[in-house]
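This briefing introduces a single chain to a reader who has not met it before. Please look over the sequence and the structure shown here, and then read the notes that follow.

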Amino acid sequence: MDEKILTIDELQDRLRIGRNQAYKLVAEKKIKAFRTGKRWKITEAALNEYIRKSEESGK
């Protein structure tokens, strides 16, 4: 199964947040991510999990 992999830029677009906020979410491990070289990558599942948890907590 090929899961969609997002970049920080795509994460910004999806959540409508700035670059600093996107990096902060990754650094604080609020969104699970991994690095390939110098670039962060986020799976679609990790983004969906973050959104679900955010909705449940009422944020």
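Helices and strands are here DSSP runs, with at least four residues for a helix and at least two for a strand, numbered from the N terminus. On that basis the chain, which is a predicted model, has three helices and three strands. Read from the N terminus on, these elements follow the order β-α-α-β-β-α. The chain is as compact as a globular protein of its length, because its radius of gyration of 11 Å is close to the 10 Å that the globule rule gives for 59 residues.

**Extent and packing**

- Taken along the principal axes, the box that the C-alpha atoms of the chain fill is roughly 35 × 30 × 20 Å.
- Of the 59 residues in the chain, 25% are buried.
- Among contacts in the chain with a separation of 6 or more, 46% are made by residues 24 or more positions apart.

**Surface and charge**

- The area that the chain exposes is about 4600 Å², and carbon and sulfur atoms supply 48% of it.
- The chain carries 15 positive and 10 negative side chains, and the centres of these two sets are 7 Å apart.

**Glutamate 44**

- Glutamate 44 belongs to helix H3, which covers residues 44-57.
- Glutamate 44 has a relative accessible area of 18% and is therefore buried, since buried means under 20%.
- Leaving aside residues up to four places away in sequence, Glutamate 44 touches Glu3, Lys4, Leu6 and Arg14.

How values were computed:
Residues are numbered from 1 along each chain as its sequence is written. This is a predicted model: local features need pLDDT of at least 70, side-chain atom pairs count only at pLDDT 80 or more; totals for chains, interfaces and linings use all residues. Side-chain values use heavy atoms; hydrogens and water are left out. The radius of gyration is taken over C-alpha atoms; the globule rule is 2.2 Å times the number of residues to the power 0.38. Buried means under 20% relative accessible area, exposed over 50%, partly exposed in between (1.4 Å probe, protein chains only). Contact means heavy atoms within 4.5 Å. Accessible areas come from the Shrake-Rupley method with a 1.4 Å probe; for residues, only the protein chains shown count as cover. Lys and Arg count as positive and Asp and Glu as negative; His and the chain ends are not counted. The place of a charge is taken as NZ of Lys, CZ of Arg, CG of Asp or CD of Glu.
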